Amino acid sequence: MRLWRELSAGKTYSVPFRVVVHKVVEWTLGEYRQGRPTDLPLPEGWDHADPGDGFAELLDRDAVASLLDGVEGRAREVMELRYVGGLEIDQIAERLGMERNAVDQALHRGHGRLRETLTGG
């Protein structure tokens, strides 16, 4: 309810909204585990959220696309189709005119480049 009141009052956050929700849930569960459950009722309509807004999906795709900035060439193309486009490996192979094994290898190379980027190695 606190989060709802803050948002209704126009409060903004410096992190994405899904992070705020995650932290609120984490804190609430932490209190519950410590034996301090809250008995606050949930707001009306909480379980009837509109799944068609696509905002969370857009944020996720944007995050994946920014991660792929460190991957180049065919590996990037394959990874974009897989993780941004949501295509299966066989679909990627058909679209790019590649063998399935070549798609697997490109994904493997791309994952290696991502690992290097994320670990600073």
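What percentage of the 121 residues of the chain count as buried? In this predicted model, the share of buried residues is 17%.

**Figure 1. Overall fold of the chain.** The predicted model contains 6 helices and 0 strands. Along the sequence, the elements follow one another in the pattern α-α-α-α-α-α. Among contacts between residues at least 6 apart in sequence, 37% join residues at least 24 apart.

**Figure 2. Surface of the chain.** About 9,400 Å² of the chain is exposed. Carbon and sulfur atoms supply 54% of this area. Of the 121 residues, 17% count as buried.

**Figure 3. Geometry of helix 4 and helix 5.** Two packed helices are described by the angle between their axes and the distance between the axes. Helix 4 spans residues 73-84, and helix 5 spans residues 89-96. Their axes come within 10 Å and cross at roughly 130°. Angles of 65 to 115 degrees count as roughly perpendicular and those over 145 as roughly antiparallel; helix 4 and helix 5 are therefore oblique to each other. The crossing of helix 4 past helix 5 is right-handed.

**Figure 4. Residues in the contact of helix 4 with helix 5.** Helix 4 contributes Arg74, Glu77, Val78, Leu81 and Arg82 to the contact. From helix 5, the participants are Ile89, Ile92, Arg95 and Leu96. By class, the contact has 5 nonpolar and 4 charged residues, with no polar residues. Val78 and Leu81 of helix 4 are among the nonpolar residues of this contact, as are Ile89, Ile92 and Leu96 of helix 5. The charged residues include Arg74, Glu77 and Arg82 of helix 4 and Arg95 of helix 5.

Key:
Residues are numbered from 1 along each chain as its sequence is written. This is a predicted model: local features need pLDDT of at least 70, side-chain atom pairs count only at pLDDT 80 or more; totals for chains, interfaces and linings use all residues. Side-chain values use heavy atoms; hydrogens and water are left out. Helices (H or I, at least four residues) and strands (E, at least two) are DSSP runs, numbered from the N terminus. Buried means under 20% relative accessible area, exposed over 50%, partly exposed in between (1.4 Å probe, protein chains only). Contact means heavy atoms within 4.5 Å. Accessible areas come from the Shrake-Rupley method with a 1.4 Å probe; for residues, only the protein chains shown count as cover. Axes are lines fitted to C-alpha atoms, for helices over the stretch in contact, and angles run from 0 to 180 degrees between N-to-C directions. Angles under 35 degrees count as roughly parallel, over 145 as roughly antiparallel, 65 to 115 as roughly perpendicular and the rest as oblique. A crossing is left-handed if the near helix is turned anticlockwise from the far one by less than a right angle, and right-handed if clockwise.
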